[in-house]
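Me: I would be grateful for a close look at a single part of this model. Please treat it in one connected account and explain each term as it arises.

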Amino acid sequence: PYDLLGGHFENNMFEEDMPNFIGSWWGEYEVDGEVYTLTAEFKENGEATYGYGYGNSEILEYFEGSWYYEPEDKVNLVMYGGPQSSEDSEADSTEQYETDIMLSWSYDENNGTLTLTHLSGGVLLYGTEGESFTFEKM
């Protein structure tokens with residue numbers, strides 16, 4: 001409840017130093033004619049989630065893990081997850097894997113969008129090495 005304590009803490013650097021990517025985000029991206037919906041959440045405590053699927057239907061892959069702020073507006077995601085089971089398919093738990101994704105990020109204050117650009121490591125979507133993804137706040 002620190003936000004309720006108000007002026008009792010003169011130096012509240014924690015909130016001021018938080019990057020603009022903190023929050024819940026969504027976006028759409030097309031790969032090989034297929035449109036995917038991507039969601040990402042970055043929490044103040046360093047936890048992160050990420051998933052993608054077809055439109056508003058099934059989630060194909062989902063990951064949980066941590067984000068680490070890097071210099072020069074970079075963020076490193078260390079995640080674990082993979083294919084998700086649905087009514088039509090059973091995902092094998094052995095298909096779960098760890099991924100380490102290095103991204104650069106920029107926040108456009110005018111329209112409230114977050115752009116993540118792949119730099120190295122794993123990818124947000126297969127076949128998108130070096131690509132940029134634009135997200136809107138949920």
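The part to be examined is Tyr-36 in strand β2, with its surroundings.

Reply: The model is predicted: local features are reported only at a pLDDT of at least 70 and side-chain atom pairs only at pLDDT 80 or more, whereas totals for chains, interfaces and linings draw on all residues. Residues are numbered from 1 along each chain as its sequence is written, and side-chain values rest on heavy atoms, with hydrogens and water left out.

The setting comes first. The protein chain has two helices and eight strands; these are DSSP runs numbered from the N terminus, helices being H or I over at least four residues and strands E over at least two. Along the sequence the pattern reads α-α-β-β-β-β-β-β-β-β. Within it, Tyr-36 belongs to strand β2.

Is Tyr-36 buried or exposed? Tyr-36 counts as buried because its relative accessible area is 15%; buried means under 20%, exposed over 50%, and partly exposed in between, with a 1.4 Å probe and protein chains only. Of the 138 residues of the protein chain, 36% are buried.

Which residues surround Tyr-36? With neighbours within four places in sequence set aside, Tyr-36 is in contact (heavy atoms within 4.5 Å) with Gly-27, Glu-28, Tyr-29, Val-31, Tyr-52, Gly-53, Tyr-54, Leu-60 and Leu-125. One of these, Leu-125, lies 89 residues from Tyr-36 in sequence, yet their C-alpha atoms are 8.9 Å apart in space. For the protein chain in general, among contacts between residues at least 6 apart in sequence, 34% join residues at least 24 apart.

The aromatic rings deserve separate treatment. A pair of aromatic rings is described by the distance of the centres and the angle of the planes. Rings of Phe, Tyr and Trp (its six-membered ring) pair if their centres lie within 6.5 Å; planes under 30 degrees apart count as stacked, over 60 as edge-to-face and the rest as tilted. The structure holds ten aromatic pairs. One of them joins Phe-21 and Trp-67 in an edge-to-face arrangement, with 4.9 Å between the centres and 90° between the planes. This pair links distant parts of the chain, since Phe-21 sits in the loop between α2 (13–17) and β1 while Trp-67 is in strand β4, 46 residues apart. Phe-21 and Trp-67 are both buried.

The pair formed by Tyr-36 and Tyr-54 is stacked, at 5.5 Å centre to centre and 25° between the planes. This pair, too, links distant parts of the chain, from Tyr-36 in strand β2 to Tyr-54 in strand β3, 18 residues apart. Whereas Tyr-36 is buried, Tyr-54 counts as partly exposed because its relative accessibility is 30%. Tyr-36 and Tyr-54 also belong to one aromatic cluster with Tyr-50, Tyr-52, Phe-63 and Tyr-97.

Two of the residues already named lead on to the nonpolar core. In soluble globular proteins, nonpolar side chains tend to be buried together. A nonpolar core is here a set of buried Ala, Val, Leu, Ile, Met, Phe, Trp, Tyr and Cys residues joined through side-chain atoms within 4.5 Å. The largest such core has 27 residues, and Leu-38, Phe-42, Tyr-50, Leu-77 and Leu-125 have the most contacts inside it. At least two of its residues come from each of β1 (23–31), β2 (34–42), β3 (47–54), β4 (59–70), β5 (74–83), β6 (97–108), β7 (113–121) and β8 (132–137). Strand β2 gives the most to this core, with four residues. Tyr-50 thus appears both among the residues with the most contacts inside the core and in the aromatic cluster with Tyr-36, while Leu-125 is likewise among those core residues and in contact with Tyr-36.

Leu-77 offers a further view of the core. Residues up to four places away in sequence not being counted, Leu-77 touches Phe-42, Ala-48, Ser-66, Trp-67, Thr-99, Asp-100, Ile-101 and Leu-103. Trp-67 is therefore a contact of Leu-77 as well as the partner of Phe-21 in the edge-to-face pair, and Trp-67 is buried because it falls under 20% relative accessible area.

In summary, Tyr-36 is a buried residue of strand β2, stacked with Tyr-54 and in contact with Leu-125.
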